[in-house]
Amino acid sequence: MTHLLYILWNPNLEFFHFGPFSVRWYGLCWLLGFAVAYLLVRRLYQEQSIKEELFEPLFLYCFLGILIGARLGHCIFYEPDYFLTSSKGIIEMFLPIRFLAEGGWKFIGYEGLASHGGTLGLMIALWLYVRKTKLRLWTVLDNIAIATGSMACFIRLGNLMNSEIIGKVTDVPWAFIFERVDTFPRHPGQLYEAIAYAILFVLMWYLHKRMPQKIGTGWYFGFCLTYIFTFRFFIEYTKEIQEAFEASLPLDMGQILSIPFIILGLVCMFRKKREVL
């Protein structure tokens, strides 16, 4: 099968730029994902007659929790030898810069973000949010879970625009040739995940309309974790490893980190004590 049958992929990384100012597709996808999730959760709060002033701080908690967690997750789990072994690496872990070999530095944005770390960061942020607002923990977790699929979809579309987290070489007719990476046809793993998360969102929105009484039990939160990380576990078989050390592991890092979240999701779904908390 010739390369003419595959999808050549090499989009411009920038959505637009004006002078020195530019907006990348990846950043735009993040912002769109947050905006959609924000509007969806706001509607859920309104449906549940939760006060508007209790909703307002939620966006900041979620944004910081996901960003900090995703960044630290990537640095600690995927590149500890680089980020944890020098003062420059530790600085780069927290600031969106890269020190240059010839001296000085340049702004690069946060190029390494891990979804597992982002999930953990979000959970911690929501716990802090609940402590401040005195809302019920399971209610907040379920509301966020119902909207999570929409944001996860946008983030993976951002990865696709960046030609990152690429799949293994394949001969399937829908393979992408990520020209920024090499000339081999590969699984578009980012697109697989984006489609899966879009389906998750539609399913969760449908279920919450059919079973509103389950909001506040933790069932939606558990279902969301189980769905996302079970899919993530198996989709890893179509992806290239992100770091060389993963080649010596029986499972790659994405799969290893998915297992605890799958277990937590199942526990939340099937725990016996199902009262609204």
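Which residues does Lys-239 touch, not counting residues up to four places away in sequence? In this predicted model, the list consists of Arg-156, Ile-165, Ile-166, Gly-167, Lys-168, Glu-193 and Arg-232. Lys-239 itself is found in the loop between helix 9 and helix 10, the latter spanning residues 253-270. Its relative accessibility is 3%, and because buried means under 20%, Lys-239 counts as buried. One of its neighbours deserves a second look: the side chain of Lys-239 makes a polar contact with the side chain of Glu-193, at 2.4 Å.

Lys-239 also leads to the empty spaces inside the model. Rolling a probe the size of a water molecule over the atoms shows where empty space is left. The structure holds three cavities of 30 Å³ or more. Lys-239 helps to line the second largest of them, a cavity with a volume of about 70 Å³. The other lining residues here are His-74, Tyr-78, Leu-113, Ala-114, Ser-115, His-116, Arg-156, Ile-165, Arg-232 and Gln-242. Sorted by class, this lining has four nonpolar, four polar and three charged residues. Arg-156, Ile-165 and Arg-232 thus appear in the lining and also among the residues that Lys-239 touches.

The largest cavity has a volume of about 690 Å³. It is lined by 39 residues, and those closest to its centre are Ile-66, Thr-119, Leu-122, Thr-148 and Met-151. Two or more lining residues come from each of helix 1 (25-47), helix 3, helix 6, helix 7 (137-161), helix 8 (189-210) and helix 9 (219-235). Helix 7 gives the most, with ten residues. As for the character of this lining, 31 residues are nonpolar, five are polar and three are charged.

Pockets, which are open, complete the picture. The second largest pocket has a volume of about 270 Å³. Its lining is made of 16 residues, and nearest its centre lie Gly-65, Ile-68, Gly-69, Gly-121 and Ile-124. Helix 3 (58-77) and helix 6 (115-133) each supply at least two residues of this lining, with the largest share, ten residues, coming from helix 3. By class, eleven of the lining residues are nonpolar and five are polar, while no charged residues take part. Helix 3 and helix 6 are thus found beside the second largest pocket as well as in the lining of the largest cavity.

Conventions:
Residues are numbered from 1 along each chain as its sequence is written. This is a predicted model: local features need pLDDT of at least 70, side-chain atom pairs count only at pLDDT 80 or more; totals for chains, interfaces and linings use all residues. Side-chain values use heavy atoms; hydrogens and water are left out. On a 1 Å grid over the protein atoms alone, a cavity is a set of points where a 1.4 Å probe fits but cannot get out, and a pocket is an open set with protein on both sides within 12 Å along at least five of seven lines; lining residues have an atom within 4 Å of a point. Grid points are joined across faces, edges and corners, and a volume is the space filled by probe spheres set on the points. Helices (H or I, at least four residues) and strands (E, at least two) are DSSP runs, numbered from the N terminus. Ala, Val, Leu, Ile, Met, Phe, Trp, Tyr, Cys and Pro count as nonpolar, Asp, Glu, Lys and Arg as charged, and the others, Gly among them, as polar. Buried means under 20% relative accessible area, exposed over 50%, partly exposed in between (1.4 Å probe, protein chains only). A polar contact is a pair of N or O atoms within 3.5 Å; within protein, one must be able to donate a hydrogen and the other to accept it, and residues adjacent in sequence count only if both atoms are side-chain atoms. Contact means heavy atoms within 4.5 Å.
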